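Q: I'd like a close look at one part of this model, residue by residue. Pick a spot, tell me what it packs against, and then work outwards to the rest of the chain.

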Amino acid sequence: MKVVRGAAELREAVAELREAGHAIGLVPTMGAFHEGHLALMRAAHQAGDAVVVSLFVNPTQFGPDEDLERYPRDEERDAELALGAEVSVLFIPTVEEIYPTGFDTHVDPGRLATILEGAARPGHFRGVATVCTKLFALVLPDRAYFGRKDAQQVAVIRQIVRDLGLGVEIVPCPTVRDEDGLALSSRNVYLSASDRGAALALPRALEAGLHVHRGGGMPDEIVAATRQVLDAESRLSVDYIAIADLDGPTLAAAVRVGGTRLIDNVLLNEGEGGPVGAGPPIGPSAGVGTR
Ligand code: AMP
């Protein structure tokens, strides 16, 4: 595995892989690797791609009151884990490398980036879109792998690739969860033991919503069942619960516990890698949300 920090070095390493006949699979990350990240790397490797992982805590996708400064970082551990996941190139740029002095061009995604996470975190998807587009331009990957844990991100990136003709195949991968059901997230390290206990209401609530869907429930009933479980946990505050067509019809929620904001979602209809829903299909027009 090569660890590279500069764009020129990156291009050279990727060119060598191409010359050796490999297709390139890119896995964009912000580091603090867990099994969710490693699953993306393994998926890329299993697809036969030479795997390029970017590790960049992207300042432009954090709001002014968010956790940019305290975001968990451990480059050495991440490099070891990437090596174990058969990554070929680990790209760890500086902020200056990605946003050199005078940088003044952004990718501004449309409607999809204004709902749910986009409404809660203004500018977030603009930052994500800009960094991913830049990474796509630097690496020119055949495929890029993203986790369904961030289903709206998958949808936004797909839209950008389609709209701008970027020619990258976007591969969504299933959410990896701890045994207790909590979706893995680099931010889970912020949770105290009791926060974590409360946070478990999030996957439980989504499961309750999915159950209502499977029983033939309507979108408002699905959202109500989800809310009921979340409201029963006094330590959680609900940011949103919604059904939206993200990467397929999706029940998504965001909550706060202690000082930590957590998101999670489940795919409602049968779909690749997602939970299997046997209820009536919910069409792309569904858009029920509550705050
Ligand atoms: P992050 O480092 O949090 O920006 O995440 C990098 C990539 O890993 C994104 O595509 C995420 O959606 C994905 N990811 C994060 N957590 C999980 C998880 N629990 N399961 C699957 N993918 C994940």
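A: Let's start at Ala155, which touches Leu112, Leu246 and Asp247 once residues up to four places away in sequence are set aside. Keep in mind throughout that this is a predicted model. Ala155 belongs to helix α7, residues 151-164. Its relative accessible area is 7%, under the 20% limit, so Ala155 counts as buried. For a long-range pairing, look at Gly248: 93 residues separate it from Ala155 along the chain, yet the two C-alpha atoms are 8.7 Å apart.

Now to a strand residue. Leu236 sits in β7, which covers residues 236-246. It is another buried position, with a relative accessible area of 9%. Leaving out residues up to four places away in sequence, its contacts include Ala198, Ala199 and Ala201, plus Leu230. Val255, Arg256 and Val257 also touch Leu236. As for C-alpha separations, Leu236 and Gly197 are 39 residues apart in sequence and 10 Å apart in space.

Next, the loop between β6 (169-173) and α8 (193-199), where Ser185 is found. Arg187 lies in that loop too. The two are linked by a polar pairing: a polar atom of the Ser185 side chain is 3.0 Å from the backbone nitrogen of Arg187. Beyond four places in sequence, Ser185 touches His34 and Lys149. Arg187 has its own set of partners, namely Phe62, Asp67, Tyr71, Arg121, Thr260 and Arg261, again ignoring neighbours within four places. Despite being in a loop, Arg187 counts as buried at 18% relative accessibility, since the cut-off is under 20%.

That brings us to the ligand. There are 17 residues around it, and Met30, His37, Asp150, Val176 and Leu184 come nearest. Sorted by type, the shell has eight nonpolar, seven polar and two charged residues. In terms of secondary structure, β2 (24-29), α2 (35-46) and β5 (143-147) each supply at least two of the shell residues. The top contributor is α2, with three.

If you're setting up a pose comparison, here are the polar distances. A polar side-chain atom of Asp150 is 2.6 Å from a ligand oxygen. Gly147 uses a backbone N or O atom, placed 2.9 Å from an oxygen of the ligand. Val176 also uses a backbone N or O atom, this time 2.8 Å from a ligand nitrogen. On its own the ligand would expose 480 Å², and the protein buries 93% of that.

Two backbone oddities are worth a glance. Most residues other than glycine have a negative phi. Ala32 departs from that with a positive phi of about 55 degrees. You'll find Ala32 in the loop between β2 and α2, and at 14% relative accessibility it counts as buried. Glu86 is the other case, with a positive phi near 60 degrees in a residue that isn't glycine. Glu86 sits in the loop between α3 (75-84) and β4 (89-91). Whereas Ala32 is buried, Glu86 is partly exposed, with a relative accessible area of 48%.

Zooming out, the protein chain has ten helices and ten strands. Its radius of gyration is 19 Å, close to the 19 Å that the globule rule gives for 291 residues, so the chain is as compact as a globular protein of that length. Along the principal axes, the C-alpha trace spans about 55 × 35 × 35 Å. Of the 291 residues, 54% count as buried, and Ala155, where we started, is one of the buried positions.

The contact map leans towards distant pairs: among contacts between residues at least 6 apart in sequence, 69% join residues at least 24 apart. As for the outside, the accessible surface of the chain comes to about 13000 Å², with 51% of it belonging to carbon and sulfur atoms.

Notes. Residues numbered from 1 in each chain as written. Predicted model: local features only at pLDDT ≥ 70, side-chain atom pairs only at ≥ 80, totals over all residues. Heavy atoms only, no water. Near = heavy atom within 4 Å. Polar contact = N/O pair within 3.5 Å; in protein donor to acceptor, adjacent residues only side chain to side chain. Areas by Shrake-Rupley, 256 points an atom, 1.4 Å probe, with all protein chains shown as cover. Helix = DSSP H or I, 4+ residues; strand = E, 2+ residues; numbered from the N terminus. Nonpolar A, V, L, I, M, F, W, Y, C, P; charged D, E, K, R; others polar. Rg over C-alpha atoms; globule rule 2.2 N^0.38 Å. Buried < 20%, exposed > 50% of the residue type's maximum accessible area, 1.4 Å probe, protein only. Contact = heavy atoms within 4.5 Å.
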